[in-house]
Amino acid sequence: MIESHTRQANWRRANPTKYDAHLAVQRALKSGLLEKDSCEVCGNENVDAHHDQYDDPLEVRWLCRRHHTRLHHYGEDMFPLRSLATS
């Protein structure tokens, strides 16, 4: 086992559930099980997967880097869940 003390490696060790969810999304995208959507806020096609909860790793919201960063900086209620907005 290679010991790494980079910020990224430290985050992975400290957050195994989150890291596993990120890997699940990567695998699902590669296999075609999951497809990217445009940013739910602005429609940008260059998006990141955002997990509101990690218990279902393939339940993600697609946000561009700008809105994903804002969501983490300003809080989860900045952009309400799409399912609640359409209910």
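Q: Let's start with one residue: is Glu40 buried, exposed or partly exposed?

A: Relative accessibility is the number to go by, and keep in mind that we're reading a predicted model. Glu40 comes out at 22%, so it counts as partly exposed. The cut-off for buried is under 20%.

Q: How many salt bridges are there?

A: The general idea goes like this: side chains of opposite charge can pair when their charged atoms come close. In this model the count is three salt bridges.

Q: Which residue does Glu40 meet in a salt bridge?

A: Look at Arg61: its side chain and that of Glu40 form a salt bridge, at 2.8 Å from N to O. Glu40 sits in the loop between α2 (16-31) and β1 (47-50), while Arg61 belongs to strand β2 (residues 61-64), so the pair ties together parts that are 21 residues apart in sequence. As for burial, Arg61 has a relative accessible area of 7%, so it is buried.

Q: And which other side chain does Arg61 meet in a salt bridge?

A: That would be Asp52, at 3.0 Å from N to O. Asp52 is partly exposed, with a relative accessible area of 30%. Put these pairs together and you get a network of salt bridges that links Glu40, Asp52 and Arg61.

Q: What about Asp48: with which residue does it form a salt bridge?

A: Its partner is Arg65, and the closest N and O atoms are 2.6 Å apart. Arg65 is in helix α3 (residues 65-74) and Asp48 in strand β1, so this pair ties together parts that are 17 residues apart in sequence. The two partners also differ in burial: Arg65 is exposed, at 56% relative accessible area, whereas Asp48 is buried, at 17%.

Q: Staying around Asp48, how do I read contacts, say for His68: which residues does it touch?

A: The trick is to set aside sequence neighbours, here those up to four places away. His68 then touches Asp48, Ala49, His50 and Leu63. His68 itself lies in helix α3, and its relative accessibility of 14% makes it buried.

Q: Where is Ala24, and what is it in contact with?

A: You'll find Ala24 in helix α2. Once neighbours within four places in sequence are left aside, Ala24 is in contact with Pro57 and Leu58. It is buried, with a relative accessible area of 15%. For a distance across the fold, take the C-alpha atoms of Ala24 and Asp56: they are separated by 9.8 Å, with these positions 32 residues apart along the chain.

Q: Which residues make up the largest nonpolar core?

A: Here you follow buried nonpolar residues joined through their side chains. The largest such core has 10 residues: Val25, Ala28, Leu34, Cys39, Val47, Val60, Trp62, Leu63, Cys64 and Leu71. Two or more residues come from each of α2 and β2, and β2 gives the most, with three.

Q: Could we zoom in on one core member, Cys64: what is it in contact with?

A: Leaving aside neighbours within four places in sequence, Cys64 is in contact with Cys39, Cys42, Asn44, Asn46 and Val47. Among them, Cys39 and Val47 also belong to the largest nonpolar core. Leu63 is another core member to revisit, as His68 touches it from helix α3.

Note on methods: Residues are numbered from 1 along each chain as its sequence is written. This is a predicted model: local features need pLDDT of at least 70, side-chain atom pairs count only at pLDDT 80 or more; totals for chains, interfaces and linings use all residues. Side-chain values use heavy atoms; hydrogens and water are left out. A salt bridge is a side-chain nitrogen of Lys or Arg within 4 Å of a carboxyl oxygen of Asp or Glu. Helices (H or I, at least four residues) and strands (E, at least two) are DSSP runs, numbered from the N terminus. Buried means under 20% relative accessible area, exposed over 50%, partly exposed in between (1.4 Å probe, protein chains only). Contact means heavy atoms within 4.5 Å. A nonpolar core is a set of buried Ala, Val, Leu, Ile, Met, Phe, Trp, Tyr and Cys residues joined through side-chain atoms within 4.5 Å.
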